[in-house]
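Me: I'd like a close look at the charged pairs in this model, and at how they relate to the strands around them. Could you start with one aspartate and work outwards from there?

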Amino acid sequence: MADHTIRLNAIKTAYEDWRDDGTASGSSKFYHNNTLIMSNYVHSTGGFNSYRKEMAYIGFEPLPDEYSKKFVRLGKVYLYVTSAAKSIDDSFYNTFKITTIPIVNNWNEDTINSDNRPEFLTNNTTAAETLYGNLTANAYYKANIKIYDDERREILTGISIKVGNSLLYTGGYVTISANSRLASNIPYLELIAGDVLNTPVGTLHTSGFANEKEPIEIGWDIKYYYISDNGEKANLRITARAQKNATIKWKNKGSSFENIIENIGENQRYTFQANTFSADSIEWCVRVMSDDDVWGDYSEWYELTTVDVLPTSRPISPVNAYIDTTSDNLFEWQHDIGTGTSQSKFDLQYSTDGSMWIDLASEETDRCSYLLPKGTLPTGKLFWRVRTYNTDGAAGEWSNPASIIGIGKPKAPGITGITNQARPKISWQADDQIAYQVEVYSGASLLIDSMETAGSTKLYRIPEYLNDGRYTFRVRIKNSNGQLSDWSSASANISTVKPKPPIVTGHAVENAAYITAQLAEEVSTAYLLRDGVPIAKFTGAYYDYGEIGEHEYAIRAINADDNFVDSDPVFITINIGRVAQIAPEDDLTKIVRLQFRRGEPAMLSAEMEPAGESMNFAGRKFPIYEFGEFLSESYDSSFSVRTREEWDRIKELAISRKTVLYRDVRGNCFYGIISALQFDQDRYSTDFSISLLRVDHVGRIEYDPAEV
């Protein structure tokens with residue numbers, strides 16, 4: 001870097017003459033625009049020395065434009081001595097000490113006086129002194145001048161100095177030409193100037209993470225310095241300096257190939273377009289040309305990573321709240337990441353137990369919310385959680401679960417299977433189920449209705465055997481809020497491999513029907529059907545005392561796969577002989593015959609009363625009667641028995657409080673209890689009236705439950 005020598009001539013001057021009056025005090029006199037004669041004159045007058053001291057204020061030409069942005073680090077002032085002589089008494093020689101102090105502010109050579117002297121840099125570091133002895137006339141003498149101090153390291157734009165002899169008793173007589181209006185021998189400055197150097201310092205994206213998928217802005221400030229006399233860098237505090245151009249270099253870390261971006265201009269920022277970088281780590285540096293066309297050094301390399309950290313997430317809403325599952329629900333969460341980047345994707349899940357999770361939604365978006373459509377969630381106690389992705393597409397950990405309670409109509413269960421069996425199994429999926437109902441249809445006919453059944457099980461075995469054919473199965477559930485779901489339905493064809501049908505024979509016997517059959521070896525279980533209803537397990541022969549009149553009998557044979565075949569039916573008419581009979585339900589073979597009534601035929605009287613309620617309303621004269629679903633039937637009959645044994649058996653039935661079967665020749669057949677027994681006895685017989693109250697009786701038996 002080359003130094004430049006600059007000469008600046010004086011362009012304005014003023015002269016201050018201060019004289020001692022011999023009393024250690026004095027006064028100043030200013031001379032404007034005339035030839036300045038600086039002198040130092042000392043003589044002896046009695047016991048005191050009188051002296052005079054001159055000071056010159058000199059302003060110099062401004063720096064030429066080509067040097068206006070250089071840093072002036074050295075200066076000398078050249079003053080021309082026009083005469084020099086010893087003192088009168090030869091006690092002092094023609095010596096002169098020049099003190100130079102830079103002037104801070106501007107000043108006017110026409111108006112300067114003792115009241116508006118220029119302001120000086122009075123810091124000791126700004127004063128420069130040069131002592132000369134044995135001066136000769138008609139010669140230039142130079143004095144060092146400091147044009148800056150440690151607190152004012154600014155670029156020089158103009159300079160004025162104060163020049164004076166600071167010694168009171170130097171002796172001799174010296175005259176210096178210091179008038180800027182002289183044609184020759186005027187004072188001048190000789191300055192040494194050098195380039196102001198710069199080094200950029202990064203301020204934006206100098207380390208850490210940068211999202212390569214978005215624009216990345218880098219920035220820098222500029223430090224200015226100069227090379228001092230000892231060759232070291234010395235910082236400058238410069239305000240009047242600007243960047244004119246810049247060049248950026250960047251590379252993938254570890255690579256020797258450098259990408260260069262030139263002609264950045266005056267902006268101390270630069271933006272890399274999105275997706276410029278593909279490596280995990282990149283480095284960049286910059287150098288600057290200042291507005292005096294001087295290029296500085298490159299900055300240090302700044303390293304950035306494009307690998308984003310993993311985020312965490314936190315549910316915001318709903319948390320510990322009830323939600324209406326029949327309406328849309330807004331789920332919100334917080335995406336936390338150390339790099340401050342946005343979410344790129346989210347996953348949303350829910351669970352009914354906090355352990356098994358079901359996907360709800362997944363979407364590539366920076367929006368930290370999701371509007372869940374109505375009917376998506378089940379009812380009951382639920383949990384939900386979320387996880388978010390960083391800009392690299394990497395997922396963070398799942399959030400802690402948030403608890404909610406869904407209320408509203410439950411979702412219809414999803415039917416998951418129907419087995420191909422005579423008693424098929426139907427399975428489904430549902431949440432928040434506390435009860436269920438299953439129906440089976442053949443066409444429009446309802447065959448089976450489980451009715452509402454409490455429980456959370458999601459598997460139901462049809463209890464009845466179905467013939468081969470196509471059926472429709474329906475399921476609905478009830479949730480913990482007591483609300484029913486819509487029905488779910490599915491159709492299935494039942495086609496089974498059946499066992500060999502039994503060969504059945506049968507005929508009437510006294511008071512009963514007798515059925516026998518031959519069962520194939522493959523049959524594991526068989527049932528006796530009366531009029532299509534199973535009334536007993538069948539093992540080869542069976543007496544039926546439970547009915548009267550003609551009935552259809554068949555054997556249903558079941559194999560190991562729980563598939564069935566029905567035998568051909570046989571029809572048998574059951575007769576009971578004379579009048580009537582009763583028998584205990586638990587042993588219908590213990591028949592008590594009711595055959596006679598002394599003096600008149602046996603009679604049966606009955607009363608049937610549908611249950612209902614009479615209600616009266618204002619404005620109506622007669623009541624309104626509403627019938628219920630219940631029916632009451634009572635029977636009364638009178639008989640006679642001759643033997644003590646017959647009477648004891650009748651009393652035993654009444655006292656046992658057992659349900660009895662009543663049958664008579666008129667075709668009446670029902671189960672009831674003996675509600676009253678009235679009698680009269682004499683030596684010939686016991687005459688009695690028996691009252692029966694009919695009770696509900698299920699004559700069918702249930703099939704053995706199939707393995708679920």
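Going by its relative accessibility, does Asp586 count as buried or exposed?

Reply: Happy to take you through it. The model is a predicted one, in which local features need pLDDT of at least 70 and side-chain atom pairs count only at pLDDT 80 or more, while totals for chains, interfaces and linings use all residues. Residues are numbered from 1 along each chain as its sequence is written, and side-chain values use heavy atoms, leaving out hydrogens and water.

Asp586 counts as exposed, since its relative accessibility is 56%; the cut-offs are under 20% relative accessible area for buried and over 50% for exposed, with partly exposed in between (1.4 Å probe, protein chains only). Its salt-bridge partner is Lys658, with 3.1 Å between the closest N and O atoms. The pair connects distant parts of the chain, 72 residues apart: Asp586 sits in the loop between β45 (580-584) and β46 (592-594), and Lys658 in the loop between α1 (644-656) and β49 (660-664). Helices (H or I, at least four residues) and strands (E, at least two) are DSSP runs, numbered from the N terminus. Lys658 itself is partly exposed, at 36% relative accessibility.

Asp586 and Lys658 are one example among the 26 salt bridges found in a search of the whole structure. The test asks for a side-chain nitrogen of Lys or Arg within 4 Å of a carboxyl oxygen of Asp or Glu.

Let's turn to a second pair, Arg461 and Asp562, whose side chains meet in a salt bridge at 3.4 Å, N to O. Arg461 belongs to strand β34 (residues 459-461) and Asp562 to the loop between β42 (549-558) and β43 (564-566), so this salt bridge ties together parts that are 101 residues apart in sequence. Both ends are buried: Arg461 has a relative accessible area of 12%, and Asp562 has one of 10%.

The third pair is Glu283 with Lys251, where the closest N and O atoms are 3.9 Å apart. Here the link runs from strand β19 (residues 281-290), which holds Glu283, to strand β16 (residues 243-252), which holds Lys251, 32 residues apart. Glu283 is buried at 14% relative accessible area, and Lys251 is buried at 14% too.

From charges we can move on to the strands. Two strands are called paired if DSSP finds at least two bridges between them. Strand β24 (residues 345-351) and strand β25 (residues 357-363) run antiparallel and are joined by 6 bridges. Within this pairing, Leu348 stands opposite Ala361 in β25. β24 and β25 make a hairpin with 5 residues between them, and in the turn Gly354 has a positive phi of about 80°.

Another place to look is an open sheet of 3 strands, ordered β37-β38-β41 and paired antiparallel. Its edges are β37 (503-509) and β41, each with a single partner strand, so one side of each has no neighbour in the sheet. Between β37 and strand β38 (residues 512-518), which run antiparallel, there are 7 bridges. One contact to find on screen is Gly506, whose bridge partner in β38 is Ile515.

To come back to your starting point, Asp586 is exposed at 56% relative accessibility, whereas Arg461 is buried at 12% relative accessible area.
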